[in-house]
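Here are my notes on the model you sent over. Have the structure open while you go through the points.

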Amino acid sequence: MKKLRTVMDFCIRHQKILGYSTVSLLTAASEYIFSSVVFKCPCNSWNTLYGCAFLIAPAFVLFVLGYMLNTRVWLLVTGRRSSKNQCSYDSCGYFCNVLWSVTASALVAPFTWIAVALLSASFYVCAASRSSFIRKLVCRDIKDYCNASLEKIPCDEELSMKIGEFHSLEAQSQMVGWLLIASIMTVALITTCLSYYSSPVGYFQMKFWKIYLKNEREVFEIKAKDHAAKLAERNVHFFFEPADPTPFCTPSNEDWQKISFPYGFNTEEQHYSMIHKYVNTNRGKTSSGTDQIHNVLAFVDEAHGISSDMDGFQTILKFFINRRTAIGYSFMALLTLGSERVFSLVAFRCPCSNENFRYGLVFLFSPAFVLLVIGYFLNSKTWKLFTGCWVNPRKIFPKGNICHFFYIFGQITLNALVAPVMWLSVALLNGTFYECAMSGLRNPAYLDAICRNKSVKCFEELHKVACGKSTMPFSESEELKLTLQAQSQILGWCVIVTMALLSLLTTCCASCQSKVSHLQLMFWKVYAEKEKEQLEQTFQLYATKLSERNLKCFFENKKPEVIPLPAFQAWEDASQLYSFSSSQQHYSTIHRLVEEGQKEINEERETTLDFVDRREIP
């Protein structure tokens, strides 16, 4: 056990380096899979665009994911537009300083992808083989056949070896890859040394600081879960047994805002976290001096998002719980990928006739539409919005506000679009459906573009290319097939990059407009889970009591004892969609009912609180 503990301690001390190493290994494995399975250079005028798409698009997607998974981004962005969130060091310079640190961390995976891709050389060779600059460099000494055949290098090993005797594109790619790796390591070493050089604290104090943050995080999680559980239990209890609720002390919105600012070091006051500062400065009212950002102290903010507990299965369980949304989407992506492969291998049979276009589009878009409908079905918010709206239209149009319905329905649609977009992305990267569809398109302009410099048979037999039944020369038929697949995969990467960028922008905008802080959102999600658990237990308890009483009275002919249950109107009010009110601090619709009864409240839109209504009670 001592050896195991030693390994665990090592992982704790070097968890950041190990994390980056894991990200790098996963990125390298992903690149290998893409280059081996998905990547097929068309060996024509599409080479540069196709190669650059595979080299740059995945790197950009990884860059966006790096931002979305970084806790400091949401500490910095959440509630930034709210005037209450402004503090003494909330300036443009401060924002840029933190953003620079976050960007540096987010660049690890993209640079790893580009470096590994350059070392494997497939993407670079494809992209460079059509570049006019590379053509002048490579074909300088062998112009007679090089200019005409350079773009065929990725598909012709003999030609590649022949031209490679003078200039090797693979060698160029690998040299650029090693130069990139050496440059990144040098910059990383220099910036890390400079950040430690400018550290305002000593080595041993920093070690103590990290231990303190680990303990504070553990205690915070325990206290938050306990506090949320007690509040949820109290709200559910008074919902089923109406009475004046007992007062419950909980931090205010303003208190949550004060401990959710990114950490800034103050030379006049020694605080190890924002909670420490809040406690020592009379609830954040008596702070003096100016806070400064030091990149070497970034671990203070990162402690809000990364648990340092490395105790075996508990750590793994915590990781999966904290990342369940991302893991859920990843699992959905794997299922979509598997389903697409099964469809393309088992069910899909391109007719290679005039029906190609319709047939391919049906397989491309029909499953996406089905997944969209399933997304609507599986979203509990859909049924909260529509249940009983025929009897009471004000549920979807409160106070005649038509925009309310479309706003909520838009949120539901965005969640339901995840699976369809994944299907389209995977199907386009595979290329089978698009290849069949576009080979049957009879648009004259498209045929002129795709069949340029090809034989006349291309115009007549393009629809047979997908099945290999064309009478065109094999090289010409194969080139057309690769061109159609290249178009499909480029379009697929465009969809993925666009959706990744839109996801980042919409999430950042929603967080920026939020009226609650990042840490309060974390507590709110814990409360929502605890309230769901309490509702499940209470539903089971009261349903059992009621059914036992009714059956006992039926068989034994006794008078029923009184069992308090919510009135019909109370059920209706509790089933409404949650609406945020900045004047009142309520964590759910049931919480509001317990505190205020059936009063009217001023409704406000709060996109970041979408999770409140996405709880399903079996």
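1. Let me start with one half of an aromatic pair. Phenylalanine 539 has a relative accessible area of 28%, so it counts as partly exposed. Remember throughout that this is a predicted model. The ring partner is phenylalanine 240, and the two sit edge-to-face, with 5.9 Å between the centres and 65 degrees between the planes. The edge-to-face label applies because the angle is over 60. Phenylalanine 240 is buried, at 3% relative accessibility.

2. Where do phenylalanine 240 and phenylalanine 539 lie in the chain? Phenylalanine 240 belongs to helix α12 (residues 203–240), while phenylalanine 539 belongs to helix α26 (residues 518–556). With 299 residues separating them, the pair links distant parts of the chain.

3. Another aromatic pair worth a look joins phenylalanine 377 and tryptophan 383. The centres are 5.8 Å apart and the planes make 45 degrees, which is a tilted arrangement. Phenylalanine 377 is exposed, with a relative accessible area of 53%, and tryptophan 383 is partly exposed at 41%. The cut-off for exposed is over 50%, so these two residues get different labels.

4. In total the structure holds 27 aromatic pairs. There is also an aromatic cluster to colour in: Phe39, Tyr50, Phe54, Trp113, Phe123 and Trp493 make it up.

5. Back to helix α26, which also carries tyrosine 527. Is tyrosine 527 buried or exposed? Tyrosine 527 is buried, with a relative accessibility of 0%. Setting aside neighbours within four places in sequence, tyrosine 527 contacts Ala228, Leu231, Ala232, Asn235, Tyr587, Ser588 and His591. Measure up alanine 224 too: its C-alpha is 8.5 Å from that of tyrosine 527, although the two positions lie 303 residues apart in sequence terms.

6. Next, the meeting of two helices. Two packed helices are described by the angle between their axes and the distance between the axes. For α21 (residues 418–430) and α22 (residues 432–439), the axes come within 5 Å and cross at roughly 70 degrees. That makes α21 roughly perpendicular to α22. The label holds because angles of 65 to 115 degrees count as roughly perpendicular.

7. Which residues of α21 and α22 meet? From α21 come Trp423, Ala427, Leu428 and Asn430, and from α22 come Thr432, Phe433 and Tyr434. By type, this contact has five nonpolar residues, two polar and no charged.

8. Helix α22 is mostly covered, with seven of its eight residues buried. The buried ones are Phe433, Tyr434, Glu435, Cys436, Ala437, Met438 and Ser439. Two of these names, Phe433 and Tyr434, also appear in the contact with α21.

9. Serine 339 sits in helix α17 (residues 324–347). Its relative accessible area is 31%, so serine 339 is partly exposed. The C-alpha atoms of serine 339 and valine 426 are 9.9 Å apart, with the two residues 87 apart along the chain.

10. Two backbone spots deserve a check. Cysteine 352 has a positive phi of about 55 degrees without being a glycine. Cysteine 352 lies in the loop between α17 and α18 (356–378), and at 9% relative accessibility it is buried.

11. Asparagine 453 is the other spot: its phi is positive, at about 65 degrees, and it is not a glycine either. Its place is the loop between α23 (444–450) and α24 (457–461). Here the residue is exposed, with a relative accessibility of 77%.

12. Finally, the overall picture. The secondary structure comes to 28 helices and two strands. Of the 618 residues, 43% are buried. Among contacts with a separation of 6 or more, 74% are between residues 24 or more positions apart. The protein exposes about 33900 Å², and carbon and sulfur atoms supply 64% of that area.

Terms used: Residues numbered from 1 in each chain as written. Predicted model: local features only at pLDDT ≥ 70, side-chain atom pairs only at ≥ 80, totals over all residues. Heavy atoms only, no water. Axes fitted to C-alpha atoms, helices over the stretch in contact; angles between N-to-C directions. Helix = DSSP H or I, 4+ residues; strand = E, 2+ residues; numbered from the N terminus. Parallel < 35°, antiparallel > 145°, perpendicular 65-115°, else oblique. Contact = heavy atoms within 4.5 Å. Nonpolar A, V, L, I, M, F, W, Y, C, P; charged D, E, K, R; others polar. Buried < 20%, exposed > 50% of the residue type's maximum accessible area, 1.4 Å probe, protein only. Areas by Shrake-Rupley, 256 points an atom, 1.4 Å probe, with all protein chains shown as cover. Phe/Tyr/Trp six-rings, centres within 6.5 Å; stacked < 30°, edge-to-face > 60°.
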